[in-house]
Amino acid sequence: MTSKSDPKTVRWGMMATGGIVQTFTKDILVDPVTRGVDDIKHVVTAVASSSSKDSADKFVANYVEGKQGDTKCTAYGSYKELVQDPNVDIVYIGTPHSHHYQNCRLAFEHNKPVLCEKALTVNAEQAKILFDEAKKRNLFFMEAVWTRYFPLSIEIRKLIQDGKIGEVIRVQSDLSIGAIPEEAFDASHRMVNKDLAGGALLDLGIYALTWQFQTVYHTLPKEKRKAPKVVGTLMTQEPRTGADEATSMLLEFPVSTPSGKRNTHGIATTALRAHFDFERDQVGATPAVRIFGETGEIQVFGPIYRPSRYRLTFRDKEERIQDFSFVFPGDIHGMSWEGDEAARCWLEGKLESETMGWEESLVIMQTMDEVRKQGGLTYPENIESTEYPIDLAARGA
Ligand SMILES: NC(=O)C1=CN([C@@H]2O[C@H](COP(=O)(O)OP(=O)(O)OC[C@H]3O[C@@H](n4cnc5c(N)ncnc54)[C@H](OP(=O)(O)O)[C@@H]3O)[C@@H](O)[C@H]2O)C=CC1
Ligand SMILES: O=C1OC[C@@H](O)[C@H](O)[C@H]1O
């Protein structure tokens with residue numbers, strides 16, 4: 001348990017009613033005590049849909065009512081009404097990547113703190129403006145990279161920091177899905193639609209990068225962290241839309257070991273069309289992340305956005321192979337931990353989370369900018385723009 005005092009309640013406002021907002025809502029409304037947390041409690045006091053009030057009403061009925069005692073949840077038919085609601089402490093943004101910049105600016109304009117889904121923005125310039133705005137207005141702001149808050153991720157970062165596998169020489173990370181885009185995603189789907197900043201890199205590749213960054217960059221003291229050089233990029237276009245269907249990245253993290261003597265090599269890959277056997281991966285046949293140290297290796301089994309198994313292998317130890325598994329408490333999907341972090345940071349008056357801080361989110365966006373430049377991937381001007389407000393089409397418009 002984290003605390004013995006009465007839990008403090010945080011009131012969430014949900015911006016959008018799509019897939020991820022449903023999952024996040026279900027997860028945060030699971031009693032935190034089931035995961036050993038007794039200092040905070042989450043309630044959802046408002047939900048807004050840009051498509052219709054009806055969609056917000058249905059969301060409330062399906063995901064909120066009956067799950068938070070007597071606490072009321074207001075349904076809105078516009079995001080503007082949500083950010084004006086005085087009963088909302090913090091806004092969760094679960095819209096497509098293309099809309100994050102505009103949506104965050106709207107929330108900040110009304111002085112609301114924000115937890116915004118990955119990828120934070122379309123490009124680094126937008127992200128930088130958001131961080132400046134949040135700072136100017138003294139508002140908590142965090143990119144919702146849920147994987148970082150998993151007990152498994154925390155444990156692996158600690159193993160590396162404690163030198164359990166020696167200095168890290170190379171990290172390989174992959175997040176690919178076996179979907180054939182024509183069958184799995186209509187050309188207008190957010191996964192492949194350039195108007196929604198779709199594509200493998202911003203949606204899935206960001207997790208391959210998350211594993212690079214959380215194991216190499218983040219395990220160093222802040223003053224020693226240096227942005228990686230993108231040494232090479234390969235990109236394949238999705239035939240109908242021109243979004244990236246497959247992206248491979250070769251990174252060099254300069255002087256990235258505690259001794260300051262070594263660069264670390266990063267190989268990060270992502271694809272929408274690669275055949276990928278999740279079941280086989282989950283039983284442990286094929287690790288999706290391999291962290292190669294001087295004296296040992298850490299293998300993480302996928303899917304790497306929701307990891308629950310890892311293996312440690314040592315060169316010189318008697319017990320050469322050790323396996324570790326994690327069970328998700330309280331039947332959560334795994335998003336509650338990031339919700340707890342955001343709520344706790346906000347309650348403590350922090351502007352950012354140590355685990356996914358502004359500077360690191362920005363470096364990751366800069367890395368993706370460079371990858372896109374090398375791979376020749378651009379998005380429409382209106383969604384790359386830093387202008388605000390721009391009226392981007394809402395769903396179905
Ligand atoms: N952390 C994770 O595991 C996951 C994160 N994500 C991230 O969450 C975000 C949303 O993904 P997901 O929930 O799967 O997407 P969905 O398409 O399921 O939902 C997106 C929602 O955004 C709103 N929206 C506003 N404008 C548009 C528009 N022009 N086109 C489509 N939708 C619009 C809609 O809600 P409304 O009509 O109510 O306003 C829609 O339901 C992305 O950033 C994605 O990367 C996605 C899946 C998993
Ligand atoms: O963040 C995500 O994680 C799970 C994937 O299925 C989804 O496409 C992606 O947005």
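**Domains**

I started with the split: the protein falls into domain 1 (8-146 + 336-356 + 379-384) and domain 2 (151-325), with bounds that come from an automatic or database domain assignment. I kept in mind that this is a predicted model, where local features need pLDDT of at least 70, side-chain atom pairs count only at pLDDT 80 or more, and totals for chains, interfaces and linings use all residues. Residues are numbered from 1 along each chain as its sequence is written, and chains are lettered from A and ligands numbered from 1 in the order in which they are written.

Next I looked up the spacing: 26 Å separates the C-alpha centres of domain 1 and domain 2. For the contact between them I found 10 residues of domain 1 against eight residues of domain 2; contact here has C-beta atoms, placed from the backbone, within 7 Å. On the domain 1 side I noted seven nonpolar, two polar and one charged residues. (Nonpolar is Ala, Val, Leu, Ile, Met, Phe, Trp, Tyr, Cys and Pro; charged is Asp, Glu, Lys and Arg; the others, Gly among them, are polar.)

**Ligand 1**

Where does ligand 1 lie? I have it between the two domains, because domain 1 and domain 2 both give residues to its shell. I noted 24 residues around ligand 1, with G18, G19, S49, S50 and S51 the closest; near means a C-beta atom, placed from the backbone, within 6 Å. By class, the shell has eight nonpolar, 11 polar and five charged residues. Helices α1 (19-28) and α4 (97-109) each put in at least two shell residues. (Helices are DSSP runs of H or I with at least four residues, strands are runs of E with at least two, and both are numbered from the N terminus.)

**The sheet**

Then I traced an open sheet of eight strands, in the order β8-β9-β10-β7-β11-β12-β13-β14, with mixed pairing; a pair needs at least two DSSP bridges. β8 (229-237) and β14 (321-325) are the edges, each with a single partner strand, so one side of each has no neighbour in the sheet. I noted an average twist of 10 degrees from one strand to the next, with axes as lines fitted to C-alpha atoms and angles running from 0 to 180 degrees between N-to-C directions.

At the β8 edge, I found eight bridges to β9 (residues 244-253), antiparallel. G232 sits opposite L250 in β9. This pair is a hairpin with six residues between the strands, and G242 in the turn has a positive phi of about 85 degrees.

At the other edge, I found five bridges between β13 (residues 309-314) and β14, also antiparallel. Y310 has F324 of β14 as its bridge partner.

Technical notes: Contact = placed C-beta atoms within 7 Å.
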